[in-house]
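I opened this notebook page to record what I could look up in the model, and how far I could lean on each part of it.

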Amino acid sequence: MPARRRRPPVAGGLAVARPPVGRWREPEIGASRILIDGRNVQFAMARGVRSGIPALPTTALVARLRASFAPPNEVELILDGHPGGSPSGRVAPAFTVTFSRHATADQVIGDRVTEALRALGPAGAWSVIVVTDDREVRDHARRNGARVEGTAWLVDRLAAPSSPSARPGTALGQGRPPRSPRTPRSG
């Protein structure tokens, strides 16, 4: 007898397909937009949520996030305050850094989630992932149909190699050390 299938959850009257639940869930499964509460992530790293990765300045965090998420995912790192000397705007394909300026990052994230719900509808809002540990931001995102991941999930992802076969000291994603340059044979 085949295993019984669970019904997908319903949001706003429409069935929403959810990805499998487990310790490690890839956002690429049905995700199209990832909103990251930047200062929340930096604070969690400074507290030592996971010992595998130290707290990072904004420019280093941007570089690590770019390496961890690839298109077609649209990633937006949202930070409180003004850019100062940090990168801002579209810094790479499908990667944007936004500074909240006169609002809070929590308000900007809330606005983005609300916009996604309006534009995509209840079922489509599930394709948005909000990364935060802030309770109010989490609750607002869930009420508007977005998925929520904690900063520990993101820190685990940042600490993991970009490819299962990648090892320290190897060529990117190749699982082997880079070749040494050939020297011409003398004749």
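The entries below go from confidence to the cores, then to one helix, and last to some backbone details.

**Entry 1, confidence.** I noted at the outset that this is a predicted model. I found a mean pLDDT of 76 for the protein, with 69% of its residues at 70 or more. I marked residues 6-29, where the pLDDT is below 50, although this stretch has 41 contacts in the model beyond near neighbours in sequence. I marked residues 163-173 as well, since pLDDT stays under 50 there, and I noted 18 contacts beyond four places in sequence for them.

**Entry 2, the cores.** I asked which residues touch the most other members of the largest nonpolar core. Of its 22 residues, they are Ile36, Leu65, Leu77 and Leu154. I then listed the elements that each supply at least two residues of this core, and these are strands S3 (33-37), S4 (74-79), S6 (95-99) and S7 (128-131), together with helices H1 (38-47), H2 (58-68) and H5 (151-159). H5 gives the most to this core, with four residues. Leaving aside residues up to four places away in sequence, I found that Ile36 touches Val41, Leu65, Phe69, Val75, Glu76, Leu77, Ile78, Ile109, Val131 and Leu154. I also recorded another core, lying apart from the largest one, with 13 residues that include Leu35, Val108, Val137 and Val148.

**Entry 3, helix H2.** I looked up which residues of H2 are buried, and found Thr58, Leu61, Val62, Leu65 and Ser68. They lie on the same side of H2, because they cover an arc of only 130° around the axis. For the partners of these buried residues I wrote down S3, H1, S4, strand S5 (89-92), S6 and H5, against which they pack.

**Entry 4, backbone details.** I found a cis peptide bond between Pro71 and Pro72, with omega at about 20°, and I placed Pro72 in the loop between H2 and S4. I next turned to Ala94, which is not a glycine and yet has a positive phi of about 65°; Ala94 is found in the loop between S5 and S6. Is Ala94 buried or exposed? Its relative accessible area is 11%, so I entered Ala94 as buried. Arg101, also a residue other than glycine, has a positive phi, near 60°, and lies in the loop between S6 and helix H3 (105-124). I entered Arg101 as partly exposed because its relative accessibility is 45%, and partly exposed covers the range between under 20% and over 50%.

Key
Residues numbered from 1 in each chain as written. Predicted model: local features only at pLDDT ≥ 70, side-chain atom pairs only at ≥ 80, totals over all residues. Heavy atoms only, no water. Core = buried A, V, L, I, M, F, W, Y, C linked by side-chain atoms within 4.5 Å. Buried < 20%, exposed > 50% of the residue type's maximum accessible area, 1.4 Å probe, protein only. Contact = heavy atoms within 4.5 Å. pLDDT = per-residue confidence, 0-100. Arc of directions from axis to C-beta.
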